[in-house]
Amino acid sequence: MKLIEDSAELDCEVIGNPIPEVQWWFIEGEEPIETVTQLFDGAREDHVRINATYINHATSTLILTNLTLNDTGVYECRASNDPDRNDLRTPPKVKWIRSQANVIVFEHPVITTKPDVVNHQNQTSATLTCNLTNTSFIIKGHYWTHNGKTIDKSESTSDKAFIEHTIKKIDYHSAGLYTCVFRTEPEVNATIEVKVLPYVGAYKHSENANEKDKAVLICVSHGYPLPTDWSWYKLGKDESEKIPIVNGTSDKYEIKTTPNKTTLYVKDLDINEDMGMYQCQGTNEIGSASDQIQLRVRSQLAALWPFLGIVAEVIILITIIFIYEKRRKPDEINDDDDSGSAPLKSNAATNHKDKNVRQRNSN
């Protein structure tokens, strides 16, 4: 079961030896006045696609795109490995294995949404409502999505045809596409847009680069809708003067943009001309927003100054040590160092206590 403009995909797998051929046929109407038409890749003004592989067994996929009410009917997968399967003169002898699938295409139901669009300039909060007015669909539940993701605690098994969702604060976080989905066969939905001014922010509010090098300034955007136009400006000293930077006017600047990001390349930096404040501005259908980036440009000799400072400190330290060593007084000689030159005292009595030596007086 599908809605108008949806797509349908049917798969068929066949096992046999030798590997069978697979064909797709469309059966419209009821017996005995039904009509049978063989389908091929590119049929119905290229709305039919058939992909088939014959490796270990046969597999074939029928894809129907941009469905209309006329696509409702029976689709038949036929398979045969009879050598005479394509000989029109002997059709009764050829055996085809068949498998069928029904495709039913419905018109889109009427879902009334209020409001159709939410504009941040008009309100700071909103209540979104959906009303399924087509009573032929059996409702088994419903839920809400925000930018394709299911909103927490929004799922319900109620069979109500009227549902609502409240946005407490409208900002770039809550902006986007809100979809109410009714669990019917097939599922039906409607979408409400919540639009706000773009949020524009610098990736880094301060960038440093060396003279003669290249600087890269980046701004990003969030919210819905994203900016359709980006602009860059070089601000004057009082930041009231804005000089537009246009891509391609010179080799100095290059701008690359996507809906949610813009990048400014400033080449061959000059310390006098390029240093300063830059402004990025994003504009969508609601309005514009901007942010600023400060670019600092260092001299080519900037890396040399720390090295020279270290060298100067080393030279000063060596000079101080040299002067200190020159002016320091020599150490005084310790008396203990001359103890070896003093005569040693001897005790004759001790040395000769065991000898009977008499000392005679020369008188």
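Author: A charge sits over a ring if NZ of Lys or CZ of Arg is within 6 Å of the ring centre and within 35 degrees of the ring normal. The structure is a predicted model, in which local features need pLDDT (the predictor's confidence in each residue, from 0 to 100) of at least 70, side-chain atom pairs count only at pLDDT 80 or more, and totals for chains, interfaces and linings use all residues. Residues are numbered from 1 along each chain as its sequence is written, and side-chain values use heavy atoms, with hydrogens and water left out.

Reader: How far is the charged end of lysine 234 from the centre of the ring of tyrosine 278?
Author: Arginine 78 lies over the face of tryptophan 25, at 4.2 Å from the ring centre. The charged end of lysine 234 sits over the ring of tyrosine 278, and its distance from the ring centre is 5.4 Å.

Reader: In which element of the chain is confidence lowest?
Author: The chain has an average pLDDT of 86, and 87% of the residues score at least 70. Over residues 337–363 pLDDT stays under 50, and the model has one contact (heavy atoms within 4.5 Å) beyond four places in sequence for them. Where pLDDT is low, the predicted coordinates should not be read in detail. With helices (H or I, at least four residues) and strands (E, at least two) taken as DSSP runs numbered from the N terminus, confidence is highest in S13, at 97, and lowest, at a mean of 45, in helix H3 (residues 348–351).

Reader: How many residues apart are phenylalanine 26 and tyrosine 75?
Author: Three aromatic pairs are found (Phe, Tyr or six-membered Trp rings with centres within 6.5 Å; planes under 30 degrees apart are stacked, over 60 edge-to-face, the rest tilted) in a search of the whole structure. One of them is the tilted pair of phenylalanine 26 and tyrosine 75, at 4.8 Å centre to centre and 40° between the planes. The pair links strand S3 (residues 21–28) with strand S7 (residues 73–80), and its members are separated in sequence by 49 residues.

Reader: Is valine 194 buried or exposed?
Author: Valine 194 lies in strand S17. Its contacts, leaving aside neighbours within four places in sequence, include Val118, Ile167 and Tyr224. Buried means under 20% relative accessible area, exposed over 50% and partly exposed in between (1.4 Å probe, protein chains only). Valine 194 has a relative accessible area of 0%, so it is buried.

Reader: Which residues have the most contacts inside the largest nonpolar core?
Author: A nonpolar core is a set of buried Ala, Val, Leu, Ile, Met, Phe, Trp, Tyr and Cys residues joined through side-chain atoms within 4.5 Å. The largest one has 23 residues, and those with the most contacts inside it are Ile111, Leu128, Cys180 and Phe182.

Reader: How many residues apart in sequence are the parts that glutamate 155 and arginine 183 tie together?
Author: The whole structure has 13 salt bridges (a side-chain nitrogen of Lys or Arg within 4 Å of a carboxyl oxygen of Asp or Glu). In one of them, the closest N and O atoms of glutamate 155 and arginine 183 are 2.9 Å apart. Glutamate 155 lies in the loop between strand S14 (149–150) and S15, and arginine 183 in the loop between S16 and S17, so the parts tied together are separated in sequence by 28 residues.
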